Amino acid sequence: MTIKKATFITSAAKAGQYPPADMKEIAFAGRSNVGKSSLINLLTNRRGLAKVSQNPGKTRTINFFLIDESWRLVDLPGYGYAQVSKSESATWGKMMEDYLENRQTLKIVVQLVDCRHAPTAQDKQMYDYLRYYGLSGLVVATKADKLSKNELNKNLAMIRKELELDQDEKLIPVSALNKTGLDNLLSELGRILNG
(Lines give C-alpha, C1' and ligand atoms only; values in the text may rest on other atoms or scores of the structure.)
Protein backbone atom coordinates (compact mmCIF):
# COMPACT_ATOMS: atom_id res chain seq x y z
CA MET A 1 0.00 0.00 0.00
CA THR A 2 1.14 3.55 -0.70
CA ILE A 3 -0.50 6.71 0.59
CA LYS A 4 -0.91 9.26 -2.17
CA LYS A 5 -3.07 11.91 -0.50
CA ALA A 6 -3.51 12.96 3.13
CA THR A 7 -5.62 15.85 4.41
CA PHE A 8 -6.28 17.11 7.90
CA ILE A 9 -10.04 17.02 8.58
CA THR A 10 -10.70 18.10 12.15
CA SER A 11 -9.69 18.04 15.80
CA ALA A 12 -12.23 16.70 18.25
CA ALA A 13 -12.57 16.67 22.03
CA LYS A 14 -15.94 14.85 22.09
CA ALA A 15 -18.06 12.54 19.95
CA GLY A 16 -20.23 15.32 18.53
CA GLN A 17 -17.14 16.77 16.84
CA TYR A 18 -16.04 13.53 15.09
CA PRO A 19 -16.42 13.20 11.33
CA PRO A 20 -19.35 10.97 10.25
CA ALA A 21 -18.78 7.25 10.98
CA ASP A 22 -18.79 6.39 7.28
CA MET A 23 -15.31 4.95 6.67
CA LYS A 24 -12.69 2.76 8.34
CA GLU A 25 -10.30 4.36 10.82
CA ILE A 26 -6.90 3.34 12.14
CA ALA A 27 -5.76 5.19 15.26
CA PHE A 28 -2.22 5.79 16.53
CA ALA A 29 -1.47 5.92 20.25
CA GLY A 30 1.71 6.27 22.27
CA ARG A 31 3.47 8.07 25.07
CA SER A 32 4.29 11.72 24.59
CA ASN A 33 7.62 12.06 22.79
CA VAL A 34 7.54 8.55 21.25
CA GLY A 35 7.66 9.99 17.72
CA LYS A 36 4.00 9.67 16.74
CA SER A 37 3.82 12.88 14.69
CA SER A 38 7.07 12.02 12.87
CA LEU A 39 5.70 8.57 12.04
CA ILE A 40 2.41 9.98 10.72
CA ASN A 41 4.34 12.44 8.53
CA LEU A 42 6.53 9.58 7.26
CA LEU A 43 3.54 7.35 6.45
CA THR A 44 1.70 10.10 4.59
CA ASN A 45 4.85 11.55 2.99
CA ARG A 46 3.70 14.98 4.19
CA ARG A 47 6.29 16.74 6.29
CA GLY A 48 4.09 19.10 8.30
CA LEU A 49 0.82 17.17 8.36
CA ALA A 50 1.08 16.22 12.04
CA LYS A 51 2.78 18.88 14.13
CA VAL A 52 6.16 17.75 15.45
CA SER A 53 7.19 19.51 18.65
CA GLN A 54 10.25 19.55 20.88
CA ASN A 55 7.84 19.81 23.81
CA PRO A 56 5.94 16.57 24.49
CA GLY A 57 2.22 16.62 25.19
CA LYS A 58 1.27 18.95 22.33
CA THR A 59 -1.49 16.73 20.89
CA ARG A 60 -4.42 17.54 23.17
CA THR A 61 -7.31 16.54 20.93
CA ILE A 62 -8.17 13.61 18.69
CA ASN A 63 -6.99 14.59 15.20
CA PHE A 64 -8.57 13.06 12.09
CA PHE A 65 -6.82 12.84 8.70
CA LEU A 66 -8.45 11.68 5.47
CA ILE A 67 -6.22 9.24 3.59
CA ASP A 68 -6.64 8.68 -0.17
CA GLU A 69 -10.33 9.60 0.16
CA SER A 70 -10.96 6.08 1.49
CA TRP A 71 -10.01 5.80 5.19
CA ARG A 72 -9.02 7.94 8.17
CA LEU A 73 -5.85 8.01 10.19
CA VAL A 74 -6.57 9.15 13.75
CA ASP A 75 -3.91 10.75 15.96
CA LEU A 76 -4.72 10.23 19.66
CA PRO A 77 -3.27 12.45 22.42
CA GLY A 78 0.03 11.21 23.85
CA TYR A 79 -0.15 9.73 27.32
CA GLY A 80 2.29 9.74 30.23
CA TYR A 81 3.47 13.34 30.05
CA ALA A 82 4.31 14.39 33.61
CA GLN A 83 3.91 18.14 33.17
CA VAL A 84 0.21 17.93 32.39
CA SER A 85 -2.09 18.55 35.33
CA LYS A 86 -3.99 15.58 36.77
CA SER A 87 -7.34 17.11 35.75
CA GLU A 88 -6.15 17.67 32.18
CA SER A 89 -4.73 14.15 32.04
CA ALA A 90 -8.09 12.77 33.29
CA THR A 91 -9.90 14.78 30.59
CA TRP A 92 -7.64 13.30 27.87
CA GLY A 93 -8.20 9.81 29.32
CA LYS A 94 -11.98 10.21 29.18
CA MET A 95 -11.82 11.67 25.65
CA MET A 96 -9.72 8.72 24.40
CA GLU A 97 -11.86 6.18 26.25
CA ASP A 98 -15.05 7.50 24.65
CA TYR A 99 -13.47 7.27 21.20
CA LEU A 100 -11.88 3.83 21.67
CA GLU A 101 -14.92 2.21 23.25
CA ASN A 102 -17.65 3.68 21.05
CA ARG A 103 -16.26 4.37 17.57
CA GLN A 104 -17.76 1.64 15.37
CA THR A 105 -15.52 2.36 12.35
CA LEU A 106 -12.26 1.97 14.33
CA LYS A 107 -10.42 -1.13 13.04
CA ILE A 108 -7.26 -1.15 15.16
CA VAL A 109 -5.05 1.06 17.31
CA VAL A 110 -1.38 1.08 16.37
CA GLN A 111 0.51 1.44 19.62
CA LEU A 112 3.91 3.11 19.49
CA VAL A 113 6.71 2.30 21.93
CA ASP A 114 10.29 3.60 21.97
CA CYS A 115 12.53 0.69 20.98
CA ARG A 116 15.35 1.98 23.20
CA HIS A 117 13.46 1.35 26.45
CA ALA A 118 11.30 -1.25 28.13
CA PRO A 119 7.57 -0.49 27.83
CA THR A 120 6.39 1.63 30.75
CA ALA A 121 3.55 0.69 33.10
CA GLN A 122 1.35 3.04 31.04
CA ASP A 123 2.38 1.33 27.78
CA LYS A 124 1.41 -2.03 29.26
CA GLN A 125 -1.85 -0.68 30.65
CA MET A 126 -2.71 0.84 27.28
CA TYR A 127 -1.98 -2.39 25.41
CA ASP A 128 -4.04 -4.44 27.87
CA TYR A 129 -6.87 -1.96 27.38
CA LEU A 130 -6.64 -2.25 23.58
CA ARG A 131 -6.55 -6.03 23.84
CA TYR A 132 -9.69 -6.00 26.02
CA TYR A 133 -11.58 -4.00 23.39
CA GLY A 134 -10.28 -6.05 20.45
CA LEU A 135 -8.22 -3.14 19.06
CA SER A 136 -4.73 -4.59 19.61
CA GLY A 137 -2.42 -6.56 17.34
CA LEU A 138 0.02 -4.02 15.94
CA VAL A 139 2.87 -2.39 17.85
CA VAL A 140 5.43 -0.09 16.25
CA ALA A 141 8.84 0.26 17.89
CA THR A 142 9.99 3.78 16.98
CA LYS A 143 13.50 5.27 16.77
CA ALA A 144 14.97 2.03 15.40
CA ASP A 145 17.90 3.97 13.91
CA LYS A 146 19.20 4.72 17.43
CA LEU A 147 20.24 1.11 18.11
CA SER A 148 22.64 -1.38 16.54
CA LYS A 149 21.05 -4.41 14.89
CA ASN A 150 21.96 -6.63 17.88
CA GLU A 151 20.60 -4.14 20.42
CA LEU A 152 17.43 -3.71 18.38
CA ASN A 153 16.78 -7.47 18.16
CA LYS A 154 17.37 -7.82 21.89
CA ASN A 155 15.02 -4.93 22.70
CA LEU A 156 12.31 -6.17 20.33
CA ALA A 157 12.33 -9.53 22.15
CA MET A 158 12.09 -7.66 25.47
CA ILE A 159 9.18 -5.47 24.23
CA ARG A 160 7.35 -8.56 22.92
CA LYS A 161 7.78 -10.25 26.31
CA GLU A 162 6.81 -7.17 28.38
CA LEU A 163 3.63 -6.50 26.38
CA GLU A 164 2.87 -10.26 26.28
CA LEU A 165 2.44 -10.22 22.51
CA ASP A 166 1.14 -13.40 20.88
CA GLN A 167 2.87 -14.80 17.81
CA ASP A 168 0.18 -13.31 15.53
CA GLU A 169 0.53 -9.83 17.04
CA LYS A 170 2.92 -7.78 14.92
CA LEU A 171 5.86 -5.77 16.26
CA ILE A 172 7.41 -3.58 13.56
CA PRO A 173 10.60 -1.55 14.14
CA VAL A 174 10.47 1.78 12.31
CA SER A 175 12.75 4.76 11.91
CA ALA A 176 11.21 8.04 10.75
CA LEU A 177 14.76 9.24 10.10
CA ASN A 178 15.94 6.60 7.63
CA LYS A 179 12.51 5.14 6.71
CA THR A 180 13.30 1.56 7.79
CA GLY A 181 10.17 -0.47 8.45
CA LEU A 182 7.98 1.91 6.45
CA ASP A 183 7.05 -0.62 3.74
CA ASN A 184 6.32 -3.31 6.36
CA LEU A 185 4.04 -0.97 8.27
CA LEU A 186 2.22 0.25 5.15
CA SER A 187 1.57 -3.30 3.96
CA GLU A 188 0.26 -4.26 7.40
CA LEU A 189 -2.08 -1.25 7.41
CA GLY A 190 -3.28 -2.28 3.94
CA ARG A 191 -3.95 -5.82 5.17
CA ILE A 192 -5.98 -4.48 8.12
CA LEU A 193 -8.03 -2.16 5.92
CA ASN A 194 -8.77 -4.90 3.40
CA GLY A 195 -9.34 -7.65 5.99
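From the N terminus on, the elements of this protein follow one another in the order β-β-α-β-β-α-β-α-β-α-β-α, which comes to five helices and seven strands. The model is a predicted one, and every value given here was computed from it. Of the 195 residues of the protein, 48% count as buried. Among the contacts with a separation of 6 or more, 75% are made by residues 24 or more positions apart. The surface that the protein exposes amounts to about 10,200 Å², and carbon and sulfur atoms supply 47% of that area.

Charged side chains offer a way into the interior. The structure holds eleven salt bridges, and one of them joins Glu25 to Arg72, with the closest N and O atoms 2.9 Å apart. Because Glu25 lies in strand β2 (residues 25-30) and Arg72 in strand β4 (residues 71-75), this pair ties together parts that are 47 residues apart in sequence. Glu25 also forms a salt bridge with Arg103, where the closest N and O atoms are 2.7 Å apart. Here the link again runs between distant parts of the chain, from Glu25 in strand β2 to Arg103 in the loop between α2 (86-102) and β5 (106-114), 78 residues apart.

How exposed are these three charged residues? Residues under 20% relative accessible area are counted as buried, so Glu25, with a value of 0%, is buried, as is Arg72 at 4% relative accessibility, and Arg103 falls in the buried class with 10%. Together with Asp22, the residues Glu25, Arg72 and Arg103 are linked in a network of salt bridges.

A further salt bridge has another setting. The side chains of Glu162 and Lys124 meet at 2.7 Å, N to O, and this pair links Glu162 in helix α4 (residues 149-162) with Lys124 in helix α3 (residues 121-132), 38 residues apart. Glu162 is partly exposed, with a relative accessible area of 31%, and Lys124 is partly exposed as well, with 29%.

Aromatic rings also connect parts of the fold. A search of the whole structure finds six aromatic pairs, including that of Phe64 and Tyr99, which is edge-to-face because the ring centres are 6.0 Å apart and the planes stand at 80 degrees. Since Phe64 lies in strand β3 (residues 62-67) and Tyr99 in helix α2, the pair ties together parts that are 35 residues apart in sequence. Both Phe64 and Tyr99 are buried, and they form one aromatic cluster with Tyr18. Tyr132 and Tyr133 make another edge-to-face pair, at 4.9 Å centre to centre and with 85 degrees between the planes. Of these two residues, Tyr132 counts as exposed at 68% relative accessibility, while Tyr133 is partly exposed, with a relative accessible area of 35%.

The last part of the account concerns helix α5. At 1.5 Å a residue, the 13 residues of α5 (residues 182-194) should span 18 Å, and the end C-alpha atoms of the helix are indeed 18 Å apart, so the expected and the computed span agree. The buried residues of α5 are Leu182, Leu185, Leu186, Glu188, Leu189, Gly190, Ile192 and Leu193. As background to such a list, an α-helix has 3.6 residues a turn, and therefore residues three or four places apart point the same way. What covers the buried residues of α5 includes the strands β2, β4, β5, β6 (138-142) and β7 (170-173), along with helix α1 (36-44).

Definitions and conventions:
Residues are numbered from 1 along each chain as its sequence is written. This is a predicted model: local features need pLDDT of at least 70, side-chain atom pairs count only at pLDDT 80 or more; totals for chains, interfaces and linings use all residues. Side-chain values use heavy atoms; hydrogens and water are left out. Helices (H or I, at least four residues) and strands (E, at least two) are DSSP runs, numbered from the N terminus. Buried means under 20% relative accessible area, exposed over 50%, partly exposed in between (1.4 Å probe, protein chains only). Contact means heavy atoms within 4.5 Å. Accessible areas come from the Shrake-Rupley method with a 1.4 Å probe; for residues, only the protein chains shown count as cover. A salt bridge is a side-chain nitrogen of Lys or Arg within 4 Å of a carboxyl oxygen of Asp or Glu. The expected span of a helix is 1.5 Å times one less than its number of residues. Rings of Phe, Tyr and Trp (its six-membered ring) pair if their centres lie within 6.5 Å; planes under 30 degrees apart count as stacked, over 60 as edge-to-face and the rest as tilted.
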